[in-house]
Amino acid sequence: MDIDDLSNRILAGERRALARAITLVESGRADHRTQATALLEKLRGHGREALRIGLSGTPGVGKSTFIEAFGCMLTGLGLKVAVLAVDPSSARSGGSILGDKTRMERLSRDRNAFIRPSPSQSQLGGVARRTREGIDLCEAAGFDVILIETVGVGQSETMVAEMSDLFLLLLAPAGGDELQGVKRGIMEMADILLINKADGDLKPTAIRTCADYAGALRLLRKRPQDPQEFPKALTVSAVEENGLEQAWQEMQTLTDWRKDNGHFAGRRAQQARYWFESEVRETLLARLSREPVKGAMTQLGAQVESGVQTPSAAAEALLGQYLQISTVERA
Ligand code: GDP
């Protein structure tokens, strides 16, 4: 594969080149990984900056309907929109909640939109790297807004929040009890809560739910880096396309504020460090689970179980062996 050519075509905004590059970064093959690294290195410092928006919500809350409506509104404003999905269910079962090809038909036909379903069958750690690289590729291809969608389960929300400039949580109208169901940690990550389905019979409930969440948000820790009124809760209707413009306005207000105050770049810098540390951990863990260290791990584990060694002494011993092995490998 001609990496120079691919890189030039991505910078020229060619969608097929972008799709190919994403397939390349998603591949598990060692030669593909080498090419992907070379490509990303080549594209580094292209100077383009998209707004990365993470979006989470439980299945059925209206994520695809929202993204379709919101995405079309943005392309209507002349913006180029990319949609990436992170679906932890596909990593576990090989089946996908988000990968359904019939989703977002209108947006997928839009010349200024690019939709990429979740890579399937890989570990969450691997998904994180691929999604981050996918974001970099979309940014290089000149997209203005990158929406990163995830299902509200497990660790995937933290992961998406750590690669987004803004994090949105989509919620359904609900009784007061259900409000408790949203984990505090997830609320704390959100910049804007969107109570969807504020239409028809559900509208009064949506308005009440929104007020409840607004109250709950006021009880959360203050964020000195953001304007006082954030994080905030808004009602929207993805189906009737109501409230989308206001939501976009709020996103821009928060983004502009953060840019003016250095927090936008600051957040990206912090995220870069977070991912560096996460990569170190993941890589080390992966190496520790390979032979011959893996065998030593099993053996030492058994010794710890039978009380021959303490957990900390065994851990020291294992890391000692690992360091010895890697020194020998390098020599
Ligand atoms: P996802 O699983 O989060 O992607 O949810 P979908 O976008 O597939 O929507 C789930 C269901 O909720 C579908 O039947 C949608 O038509 C419906 N839905 C989505 N948005 C709205 C909305 O704004 N109002 C109403 N009334 N229904 C909606």
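1. The sheet. In this predicted model, 7 strands form an open sheet with parallel pairing. Their order is 3-2-4-1-5-6-7. Strand 3 (113–116) and strand 7 (232–235) are the edge strands. Each has a single partner strand, so one side of each is left without a neighbour in the sheet. From one strand to the next, the twist averages 20°.

2. The strand 7 edge. Strand 6 (residues 192–195) and strand 7 run parallel and are joined by 4 bridges. For a pair to look at, take Leu 194: its bridge partner in strand 7 is Leu 234.

3. Helices on the sheet. Helix 2 (residues 15–26) lies across strand 2 (81–86) and strand 3. Its angle to strand 3 is about 25°. Helix 12 (residues 244–260) lies across strand 1 (51–57), strand 4 (145–151), strand 5 (166–171), strand 6 and strand 7. Helix 12 runs at about 155° to strand 5.

4. The ligand shell. There are 15 residues around the ligand. Gly 60, Lys 63, Ser 64, Thr 65 and Asp 199 come nearest. By class, the shell has 7 polar, 4 nonpolar and 4 charged residues.

5. Polar contacts to the ligand. Gly 60 uses its backbone: an N or O atom there lies 2.8 Å from a ligand oxygen atom. Ser 64 uses its side chain, with an N or O atom 2.7 Å from an oxygen atom of the ligand. Asp 199 places a polar side-chain atom 2.7 Å from a nitrogen atom of the ligand. On its own, the ligand has 580 Å² of accessible area, and the protein covers 67% of it.

Key:
Residues are numbered from 1 along each chain as its sequence is written. This is a predicted model: local features need pLDDT of at least 70, side-chain atom pairs count only at pLDDT 80 or more; totals for chains, interfaces and linings use all residues. Side-chain values use heavy atoms; hydrogens and water are left out. Two strands pair if DSSP finds at least two bridges between them. Helices (H or I, at least four residues) and strands (E, at least two) are DSSP runs, numbered from the N terminus. Axes are lines fitted to C-alpha atoms, for helices over the stretch in contact, and angles run from 0 to 180 degrees between N-to-C directions. Contact means heavy atoms within 4.5 Å. A residue is near a molecule or strand if one of its heavy atoms lies within 4 Å of it. A polar contact is a pair of N or O atoms within 3.5 Å; within protein, one must be able to donate a hydrogen and the other to accept it, and residues adjacent in sequence count only if both atoms are side-chain atoms. Accessible areas come from the Shrake-Rupley method with a 1.4 Å probe; for residues, only the protein chains shown count as cover. Ala, Val, Leu, Ile, Met, Phe, Trp, Tyr, Cys and Pro count as nonpolar, Asp, Glu, Lys and Arg as charged, and the others, Gly among them, as polar.
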